[in-house]
Amino acid sequence: MKKDIDVLSGYSIGKILQCKPLKGGLFQRAYIVETDSSTFVLKCWEKNVLFQKIWHTLNRNLERESTYLSYLKHRNFPTHTCILNKEGKVVTTRKDAKYVLFSYVKGCEKKKYCIEDLTCIGSLVGMLHRISKHYENMPSSDQRKIVIDMINNMKKESLIEKNVPVILKKELQKTGSLGISSIRTVCHNCLKPEHFLWRNGRISGLIDFDLAGRDRPLHDVAFCIAHICFDTDGNFNESSASTFIKAYEKNSQEKMPTKLLGAFIRLALLKIICWEVYDNVKVFKKKIVLKDIKTLKRLESMENYADEV
């Protein structure tokens, strides 16, 4: 922790009062930093075996994210921004680690959503896609290819039961071709509850755009629905999804091709499963067997619904 905190001497942020570890991810760790001038979030990406493939492009990706966050902020979208270091750079590099300091957004994650909450989320995602439609300074992303690659790589992992990638590949085949669409916008690509911050009954910020890329907006919509429109038993709630979509369409000013939504939700659930598997294997060194994958229940529940919602 000390070596991470020492990096803060490279920023003009005032006297540091305290630093607390935050929940990190598969590739990063994070701290909340309080100073006598403001509050910040410090994120660290450390070079390791998991990160080697994208390490050489990380600086460029983080700088691209910083530019996009500024773009969003200038359009009154609630999010955080990157704080430049004393050298005027977004990324601070120390040996085999890279750091970025972000502004702090007050708020916390919600565990349960009411109808009004789903409307707020749908409206905010719609705004994101509408104002980002013509933003070109983002790489294209291919969510289907990402899922295919993750499933294929599972075969190399000794801690993953051999039939897991086999079953997931069969489920992937059920998603079909996902149709063809020329509509693209910047997608967040990780719209899950922990990235929506709430304060006084409203969304105070949407954070963590490090996976953002230009893609079909239906990928974002489906990924969000896959997280917030299923009950605790894994059953799909059509009413919640319809509420979300209605608010989304109103603020995005785009009609969702709902006949494809079921296939996109299945793909999103597969992506969530892949992340869950890799988190357990890579971070917790836990052996994964098929019965341990809870999100499979959500996939099973989608069998009872037509693609159109």
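These legends walk you through a predicted model, from the whole protein down to a single loop residue.

The model is predicted, so local features need pLDDT of at least 70, side-chain atom pairs count only at pLDDT 80 or more, and totals for chains, interfaces and linings use all residues. Residues are numbered from 1 along each chain as its sequence is written, and side-chain values use heavy atoms, with hydrogens and water left out.

**View 1. The whole protein, with ten helices and ten strands.** Helices (H or I, at least four residues) and strands (E, at least two) are DSSP runs, numbered from the N terminus. The C-alpha atoms fill a box of roughly 55 × 45 × 35 Å along the principal axes. The radius of gyration, taken over C-alpha atoms, is set beside a globule rule of 2.2 Å times the number of residues to the power 0.38. A compact globule of 309 residues would come out near 19 Å, and the protein agrees with its 20 Å. Of the 309 residues, 50% count as buried; buried means under 20% relative accessible area, exposed over 50%, and partly exposed in between (1.4 Å probe, protein chains only).

**View 2. The surface and the contacts of the protein.** About 15,800 Å² of surface is accessible, and 51% of that belongs to carbon and sulfur atoms. Accessible areas come from the Shrake-Rupley method with a 1.4 Å probe; for residues, only the protein chains shown count as cover. A contact means heavy atoms within 4.5 Å. Among contacts with a separation of 6 or more, 72% link residues 24 or more positions apart.

**View 3. Strand β2 with its partners β1 and β3.** Two strands pair if DSSP finds at least two bridges between them. Strand β1 (residues 16-22) runs antiparallel to β2, joined by six bridges, and K20 has I32 in β2 as its bridge partner. On β3 (residues 39-46), the pairing with β2 is also antiparallel and spans seven bridges; here R29 stands opposite C44. Three residues make up the hairpin connection from β2 to β3. Six of the eight residues of β2 (residues 28-35) are buried, so the rest of the structure largely encloses this strand.

**View 4. Strand β6 and the strands that pair with it.** Most of β6 (residues 97-103) is covered, with six of its seven residues buried. Follow β3 across and you will find seven bridges to β6, in antiparallel fashion, with W45 opposite K98. Strand β4 (residues 82-83) adds two antiparallel bridges to β6, and C82 has F102 as its bridge partner there.

**View 5. The hairpin of β5 and β6.** Strand β5 (residues 92-94) is antiparallel to β6 and joined to it by three bridges. R94 of this pair stands opposite A97 in β6. Two residues lie between the strands, and K95 in the turn has a positive phi of about 50°.

**View 6. T81, in the loop between α3 and β4.** Helix α3 covers 58-74. Is T81 buried or exposed? With a relative accessible area of 18%, T81 is buried. Leaving aside residues up to four places away in sequence, T81 touches L69, K73, L101, F102 and S103.
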